[in-house]
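Visitor: I have a model open and would like to ask about its interior. Could you take me through it?

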Amino acid sequence: MNSLLIIFLIISFDQFSKYLIKTFLLHYQQVDIIGSFLRFTFIENKGIAFGIDTSNYHILITLITIIGISILIYYYNYNLKDPLVEKIPLCFIIGGAIGNAIDRVFVLIPSMGYKGVVDFIDIGINSYRWYIFNIADTSITIGIILYFILEYKYNKKLNDSSGNI
């Protein structure tokens with residue numbers, strides 16, 4: 001599968017899921033998907049990860065996000081030491097980062113009606129809940145985990161083939 005297709009699919013799925021949530025749920029409305037374990041709860045996160053409020057610095061955070069995405073794309077295009085190990089995880093990270101960056105840019109356009117990044121995946125047991133997140137967040141997390149796993153295996157393979165312990 002073409003790696004750019006992975007990025008496109010992640011962005012598309014993320015934005016389409018957010019569109020559906022904004023269209024069919026009210027703010028803070030909860031819909032049980034798998035009992036109370038998996039719910040869709042519509043919120044608009046004005047901050048960054050784990051609900052850290054950065055709303056007073058929205059333009060700065062948006063610019064930092066865009067710069068970060070640009071650095072990842074540069075790295076993706078020019079600095080991969082092993083494309084097999086790094087390309088797919090980076091696609092997940094870039095796709096997720098762009099998905100959330102789109103929401104951050106939409107916040108800057110009042111006619112779009114965004115107050116923050118759309119989050120809706122709500123996992124927990126009864127009142128013990130994790131932070132609410134979205135497809136882009138999931139994609140970034142999968143990319144980071146996959147990157148570390150593949151990097152570990154790649155380095156182990158290099159060490160084993162060179163006779164190093």
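The exchange below deals with the nonpolar cores and a few buried residues of this predicted model.

Visitor: Which strand supplies the largest share of the largest nonpolar core?

Guide: The largest nonpolar core has ten residues, among them Ile21, Leu38, Phe120 and Ile135. Strand S2 (38-45) and strand S3 (117-125) each supply at least two residues of this core. The largest share is three residues, and the strand that gives them is S3.

Visitor: Which residues does a second, separate core include?

Guide: That core stands apart from the largest one and has eight residues. Those it includes are Ile7, Ile10, Tyr76 and Cys91.

Visitor: Is His58 buried or exposed?

Guide: His58 lies in helix H2, which covers residues 58-78. Beyond its neighbours within four places in sequence, His58 is in contact with Arg104, Val107 and Leu108. Its relative accessible area is 13%. The cut-off for buried is under 20%, so His58 counts as buried.

Visitor: What is the relative accessible area of Pro89?

Guide: Pro89 is part of helix H3 (residues 83-107). Outside the four places on either side in sequence, Pro89 has contacts with Gly143, Leu146, Tyr147 and Leu150. Pro89 is buried, and its relative accessible area is 0%.

Visitor: How many Å apart in space are Pro89 and Ile144, C-alpha to C-alpha?

Guide: In sequence, Pro89 and Ile144 are 55 residues apart. In space, their C-alpha to C-alpha distance is 6.6 Å.

Terms used. Residues are numbered from 1 along each chain as its sequence is written. This is a predicted model: local features need pLDDT of at least 70, side-chain atom pairs count only at pLDDT 80 or more; totals for chains, interfaces and linings use all residues. Side-chain values use heavy atoms; hydrogens and water are left out. A nonpolar core is a set of buried Ala, Val, Leu, Ile, Met, Phe, Trp, Tyr and Cys residues joined through side-chain atoms within 4.5 Å. Buried means under 20% relative accessible area, exposed over 50%, partly exposed in between (1.4 Å probe, protein chains only). Helices (H or I, at least four residues) and strands (E, at least two) are DSSP runs, numbered from the N terminus. Contact means heavy atoms within 4.5 Å.
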